[in-house]
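The following paragraphs lead the reader through one protein structure, from individual residues to sheets and back. Please keep the sequence and the coordinates at hand while reading.

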Amino acid sequence: MSAATTRSRTPDRLCAEAVDLARAAAEEVAAPGVVGEHEGLVSEGDRVVTHFFGCHEPGYRGWRWAVTVARASRAKIVTIDEAVLLPGPDAVLAPEWVPWSERLRPGDMGPGDLLPTDAEDLRLEPGFSGEEEPTPGSVVSEELAELAEAEDAEVTEGTPAHLVVAPARGTIAAVAEELGMRRARVLSRYGLHTAADRWEEGFGAKTPMAQAAPASCVSCGFLTPIGGSLGQAFGVCANEFSPADGHVVSLAYGCGGHSEAAVMPKPPQPAPPVIDETRVDPFPLRPSPDSGSVPATEDTSSAELGHS
């Protein structure tokens with residue numbers, strides 16, 4: 001270890017004793033009454049020392065006023081270098097800034113919001129070749145265009161350039177716009193894969209709803225097919241009672257609203273009543289003569305004694 005390194009780690013005596021000078025500098029920069037007690041110092045180099053003072057400013061818990069003082073070689077006067085407010089070890093800090101492109105989540109956009117896409121977005125690729133020069137076999141190629149001009153010259157007065165309105169030579173962009181295919185960029189293979197992974201995670205075969213479904217969406221009558229390569233694995237649900245109504249679902253997804261689910265059972269019929277309450281059953285007021293244990297023969301001797 002060199003001597004210069006050793007000196008830089010040892011605080012200069014005059015700079016270390018300039019606590020009042022450092023406090024006055026901190027109070028001049030800060031608001032009145034927010035500079036706290038002296039919390040220590042650190043050597044920044046030869047004859048350079050930073051003094052730390054507590055901060056009583058609301059909202060800056062754990063922050064410290066840092067005042068750096070220095071003196072020239074062989075000088076007796078200590079001067080102020082800078083005074084700043086710095087976070088301490090236990091300071092409350094704002095979260096690390098994250099670019100908007102990384103903070104944005106699905107569903108964050110609202111009415112009127114604009115989401116610009118990067119020119120190098122991997123999810124997109126040019127919708128056409130991007131070259132304005134048509135291919136040799138195209139109907140608007142240079143050779144065929146010259147031939148068309150020559151043919152027009154035979155049936156019109158002068159060349160097309162001498163006409164009042166000269167016919168404009170077609171371009172790939174113009175033809176694409178005329179055919180309704182004017183899209184500067186379309187989904188790339190990477191964009192297709194990311195969309196498929198996202199849809200599969202939301203409405204795929206591994207979701208709890210699909211695991212408990214009686215059948216998959218591929219055999220459901222409410223599935224609306226979609227075009228393109230994604231139509232081989234996905235469709236749109238059109239069942240208003242399904243949790244996936246209006247969403248792109250995997251063909252392996254399923255729910256209880258499948259069109260070919262089990263037929264609803266008939267409502268249970270009540271059991272026939274044990275007692276028919278629609279008619280009156282006759283009940284005799286007196287029991288029949290032969291219903292008791294006493295014989296029905298009339299005994300004149302017992303009748304006199306009052307026995308029945």
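Beyond its neighbours within four places in sequence, S242 is in contact with C237 and C255. This residue, in what is a predicted model, belongs to the loop that runs between β8 (234–237) and β9 (248–250). Is S242 buried or exposed? With a relative accessible area of 8%, S242 is buried, because the term applies to any residue under 20%.

The two strands that flank this loop belong to a sheet. Three strands, in the order β7-β8-β9, form an open sheet with antiparallel pairing. Its edges are taken by β7 (223–225) and β9, each of which has a single partner strand, so one side of each is left without a neighbour in the sheet. From one strand to the next, the twist averages 50°. Between β7 and β8 the antiparallel pairing extends over 3 bridges, and P225 stands opposite G235 in β8.

A second open sheet consists of 4 strands in the order β1-β2-β3-β4, again with antiparallel pairing. Here the edge strands are β1 and β4 (79–87), each of which pairs on one side only. The twist in this sheet averages 20° from one strand to the next. Helix α3 (residues 19–29) packs on the sheet and touches β1, β2, β3 and β4; the direction of α3 makes about 115° with that of β1. As a general point, the strands of a sheet pair through backbone hydrogen bonds, in either a parallel or an antiparallel manner.

Within this sheet, strand β2 (residues 48–55) may be followed from one partner to the other. Strand β1 (residues 35–45) runs antiparallel to β2 and is joined to it by 7 bridges; S43, for instance, has V49 in β2 as its bridge partner. The two strands form a hairpin with 2 residues between them, and R47 in the turn has a positive phi of about 60°. Strand β2 also pairs with strand β3 (residues 63–70), in the antiparallel sense and over 7 bridges. In that pairing, the bridge partner of F53 is W65 in β3. How many of the residues of β2 are buried? The strand is mostly covered, with 7 of its 8 residues buried.

On strand β1, E44 offers a view of the side chains in the hairpin. Apart from neighbours within four places in sequence, E44 is in contact with V49 and T50. The side chains of E44 and T50 also make a polar contact of 2.9 Å. As for T10, which lies 34 residues from E44 along the chain, the C-alpha atoms of the two residues are separated by 9.2 Å.

The loop between β3 and β4 holds R71. Why does R71 count as buried? Its relative accessibility is 18%, and the term covers values under 20%, so R71 falls within it. The side chain of R71 is joined to that of D12 by a polar contact of 2.9 Å. A polar atom of the R71 side chain also lies 2.7 Å from the backbone oxygen of A75. Not counting residues up to four places away in sequence, R71 touches D12, L14, C15, R47, I77 and V78. R47 has been met above, in the turn of the hairpin between β1 and β2.

C15, one of the residues touched by R71, leads to the cysteines. At 0% relative accessibility, C15 counts as buried; C55 likewise counts as buried, at 13%. In general terms, a disulfide is a covalent bond between the sulfur atoms of two cysteines. How many disulfides are found? With a disulfide taken as a pair of cysteine sulfur atoms within 2.5 Å, the count comes to 0.

The protein chain as a whole may now be considered. It has 9 helices and 9 strands. Of its 308 residues, 22% are buried. Its accessible surface comes to about 23,400 Å², and 57% of this belongs to carbon and sulfur atoms. Among contacts between residues at least 6 apart in sequence, 52% join residues at least 24 apart.

Terms used
Residues are numbered from 1 along each chain as its sequence is written. This is a predicted model: local features need pLDDT of at least 70, side-chain atom pairs count only at pLDDT 80 or more; totals for chains, interfaces and linings use all residues. Side-chain values use heavy atoms; hydrogens and water are left out. Buried means under 20% relative accessible area, exposed over 50%, partly exposed in between (1.4 Å probe, protein chains only). Two strands pair if DSSP finds at least two bridges between them. Contact means heavy atoms within 4.5 Å. A polar contact is a pair of N or O atoms within 3.5 Å; within protein, one must be able to donate a hydrogen and the other to accept it, and residues adjacent in sequence count only if both atoms are side-chain atoms. Axes are lines fitted to C-alpha atoms, for helices over the stretch in contact, and angles run from 0 to 180 degrees between N-to-C directions. Accessible areas come from the Shrake-Rupley method with a 1.4 Å probe; for residues, only the protein chains shown count as cover.
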